[in-house]
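Okay, thanks for making time. I'd like to walk you through one structure this morning, so have a look at the screen.

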2 protein chains.
Amino acid sequence: MATKAHDERECRVSFKVIDGGVTAAKGFRASAVTCGIKNPEATRLDLALIVSDGPTTTDAVFTTNKVRAACVRVSQQHIKESDTRAIIANSGNANACTGVQGIQDAKAMTKAVAEQLGVKMRQVLVCSTGIIGMPMPIERVIVKVPDAVAKLKPDGSEDAMRAIMTSDTRPKTFAVDVPCGKGSFRIGGIAKGAGMICPNMATMLCFITTDAKIGKDELHRSMRYAVEKSFNCITIDGDTSTNDTVIVMSNGQSDAPTIKKNSPEAELFRCALHKVMLELAKMIVCDGERVTKFVEIRVRNARTLADARKVAETVAKSLLVKCSFHGCDPNWGRIIHAVGYSGARIREELIDIYFGGLQACKGGLATKTPVAEMEKVVQEPKFTVTIDLNLGTSGYTVYTSDLSEEYVDFNSAEYSAAIHAKRQKGFA
Amino acid sequence: MATKAHDERECRVSFKVIDGGVTAAKGFRASAVTCGIKNPEATRLDLALIVSDGPTTTDAVFTTNKVRAACVRVSQQHIKESDTRAIIANSGNANACTGVQGIQDAKAMTKAVAEQLGVKMRQVLVCSTGIIGMPMPIERVIVKVPDAVAKLKPDGSEDAMRAIMTSDTRPKTFAVDVPCGKGSFRIGGIAKGAGMICPNMATMLCFITTDAKIGKDELHRSMRYAVEKSFNCITIDGDTSTNDTVIVMSNGQSDAPTIKKNSPEAELFRCALHKVMLELAKMIVCDGERVTKFVEIRVRNARTLADARKVAETVAKSLLVKCSFHGCDPNWGRIIHAVGYSGARIREELIDIYFGGLQACKGGLATKTPVAEMEKVVQEPKFTVTIDLNLGTSGYTVYTSDLSEEYVDFNSAEYSAAIHAKRQKGFA
């Protein structure tokens, strides 16, 4: 579930969508190797490395979960103390609930990368995703770091992306080239998500690089703006995983002019960064575990932005609403029910609800719109539900998905079986 | 999901469990008839009537959902204006989101009953449960009211209970006989629930009668106490349906002494009322739609009661936790993850987690308890998860269930199909 820019004010930037993901910007290289973190015999990529060839300005947003993975603790410390040159990230083990040993392991990963790159430990950030509460098989990781460094290449984004995937079924990558002054800058990134039925489901990692020339303060401002309007509703109200991390590295190697505070270039950068994050956030929703529907929940004319958000998020999270999406049922009763307990100020007799362009409910009552017509909307893999509260002028939009039997099956049976198999092999 | 008495202070009352449900107490009669509310051809009971043969003191708790059914609005008005003699309740149609016509229909139901019983309209309360947003087929209801009155009998509880069931699969009835002074009083009730995966799922109705002699203020105090510690966590934080209602009618016809404020008898009554509500609340959880597990989530040693409650409710609501219960997976990682985003004050390194008596997590880290042993606990249809925060002295317990593929299937496919069929027949 991800939030779209509050509808009122969309950015209008002209840019070109390009390939290259996290290595689209100048001066960045990436690679991936196979460590067998989850399973020593496996052959899939599970360790990614992203490196800037020169100094960077870097900003990051970490989970608000009070149970924080060891890698999050170490990265938070490193980014506070130093500039950043590299990100090392693994899948297969979250290095969460792993105590002192987990911290040592996360540090060991940054140390191994630093030694190979000839930088300082604190110039390396570390991210992990996978199972919670099991020790990281650190030897299997460390031994492959030289290999990862050797494989670094300017088109290594695809490999890095594959290495951080867990239950993701599709790659998530997006990059843009933005004309600016007499030159242009690039912003590109990769992400992993999945488990999107509810914001608390799974680790979300996103690594973005840019060759724009931008200072720490302006990058920070742009980052907060873009995260709030893209990923932040994947992690609504603190419902974040133990490992969630978004990192933006900027190395200033483009030929575009330096981005100054309150300049048109700053607006351009902010909007372009938002665009990249929003596209990646949408990909995360679409690739939620066993998701078959992508639904935009638009709330209009709420008393306040906070009210609009409460309604959008409550409807988007309602299991009964999600089940009805899955069943292709234009069930506005379940929607108005969720509106009623959202905590927002509402007046039942003013509420209008639409499926696509068809009005299902007017003034809190059923319309005469034929159900068969509305069913056609809900049968589509992507559609919009609009809830007009007719009370004020504030709007908010949330992206959500359906809830499928396959999701439950996946999270109760297959997944559990895999964990059991692993545990029985002596990991815990 | 229902809350147990805050563990600290359990009531100890000696009483006898008896049959008779909502007609166990002296001077109450009940009945049910078939109106074909959901489907004119159906033969199931769908209209219940509960009547006191003499005047009563009555108290009620209604939904906090801002979208309130017409019947709720009418009953709230009636109970404010008058004493109560009867409850009329139907299944098959919620009479919610039905506008002015809905209010007229709810009033018509109370009028029909009042005329037949020779009481005032405002002495009759009305409750509905079923689909939202469709007009009540009021003629089919009204015509059967004389029949319902004619069928009233002192052992009519079973019929009344069956008439209010929707997706419930099991009857929910409980009654006690409580020795008091030289006599005894009785408290008994019936309930409907289901859809218990999350508190926002379905209407909860509960009708309780007693022949205790109790004044309005003391009944109100006992009612608030008992609801808070039983049903109130079915309807956590305003996540109530449009129709939720709990009604307690007391007619004073027992031979037990009058219950006075702060007396031992008041304590006795309060505890017995709580017992009846708690048993009915547990039955609702156990009978949640497609539930296969009944799990008690006990939180201990939180900093405050509010913190204990946040943790218990967050864990009990987590879809990933519920999926792991369904998969018989003792997955403490998902539990500690939910603890982390609950909003409660916690210290990861102090958290202990147990499945039954087996410790899975100590100080935020995995224990050496064999997974196979913990699996045996989680394979049981009923078990306890204990979360010790080791931070304070407050505790809270919530009852919850698993999440099954069948739940999703039920709520996306079968249920929707039934609604469609009905709508296509010209109801909306």
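I'll go through the cores, a sheet, two helix pairs and a couple of odd backbone angles.

Just so everyone has it in mind, this is a predicted model.

Let's begin with the nonpolar cores. The largest one has 89 residues, and the members that touch the most others are A:Val385, A:Ile387 and B:Phe207. So who does B:Phe207 touch, if we skip residues up to four places away in sequence? The list is B:Val22, B:Ile50, B:Ile87, B:Ala89, B:Cys127, B:Ile164, B:Gly188, B:Gly189, B:Ile190 and B:Ile247. There's another core apart from that one, with 88 residues, and its members include A:Cys71, B:Val295, B:Ala302 and B:Tyr341.

Okay, on to the sheet in chain B. It's an open sheet of 6 strands, ordered 2-8-9-10-11-5, with mixed pairing. Which strands stand at the edges? Those are strand 2, residues 16–18, and strand 5, residues 57–62; each has a single partner strand, so one side of each has no neighbour in the sheet. From one strand to the next, the twist averages 15 degrees.

If you zoom in on the strand 2 edge of chain B, you'll find 3 bridges joining strand 2 to strand 8, residues 173–180, and these two run antiparallel. One pairing you can pick out there is B:Ile18 with its bridge partner B:Ala175 in strand 8 of chain B.

Now the helices against that sheet. Helix 5 of chain B, residues 157–164, packs on the sheet and touches strand 8, strand 9 (183–192) and strand 10 (205–210) of chain B. The direction of helix 5 of chain B makes about 25 degrees with that of strand 9 of chain B. Then there's helix 1 of chain B, residues 70–81, which lies across strand 5 and strand 11 (245–250) of chain B. Helix 1 of chain B runs at about 145 degrees to strand 5 of chain B.

Let's hop over to chain A for helix against helix. Helix 1 of chain A, residues 70–81, and helix 2 of chain A, residues 99–117, have axes that come within 8 Å and cross at roughly 55 degrees. That makes the two oblique to each other, and the crossing is right-handed. Who meets whom? From helix 1 of chain A we have A:Ala70, A:Cys71, A:Arg73, A:Val74 and A:His78, and they meet A:Gly102, A:Ile103, A:Ala106, A:Lys107 and A:Thr110 in helix 2 of chain A. Notice A:Cys71 in that list; you heard it a minute ago as a member of the 88-residue core.

Next pair: helix 8 (residues 305–317) and helix 10 (residues 332–340) of chain A pack at about 130 degrees, axes 8 Å apart. That angle makes helix 8 of chain A oblique to helix 10 of chain A. The contact comes from A:Val311, A:Thr314 and A:Val315 on helix 8 of chain A, and A:Ile335, A:Ala338 and A:Val339 on helix 10 of chain A. Helix 8 of chain A passes helix 10 of chain A in a right-handed crossing.

Last bit, the backbone. Most residues other than glycine have a negative phi. A:Cys97 isn't a glycine, yet its phi is positive, about 60 degrees. You'll find A:Cys97 in the loop between strand 6 (86–93) and helix 2 of chain A. Is A:Cys97 buried or exposed? Its relative accessibility is 3%, so A:Cys97 counts as buried. The other one is A:Asn301, with a positive phi near 55 degrees. A:Asn301 sits in strand 12 of chain A, residues 294–302, and is partly exposed, with a relative accessible area of 26%.

Key: Residues numbered from 1 in each chain as written. Chains lettered and ligands numbered in written order. Predicted model: local features only at pLDDT ≥ 70, side-chain atom pairs only at ≥ 80, totals over all residues. Heavy atoms only, no water. Core = buried A, V, L, I, M, F, W, Y, C linked by side-chain atoms within 4.5 Å. Buried < 20%, exposed > 50% of the residue type's maximum accessible area, 1.4 Å probe, protein only. Contact = heavy atoms within 4.5 Å. Pairing = 2+ DSSP bridges. Helix = DSSP H or I, 4+ residues; strand = E, 2+ residues; numbered from the N terminus. Axes fitted to C-alpha atoms, helices over the stretch in contact; angles between N-to-C directions. Parallel < 35°, antiparallel > 145°, perpendicular 65-115°, else oblique. Left-handed = near helix turned anticlockwise from the far one by under 90°.
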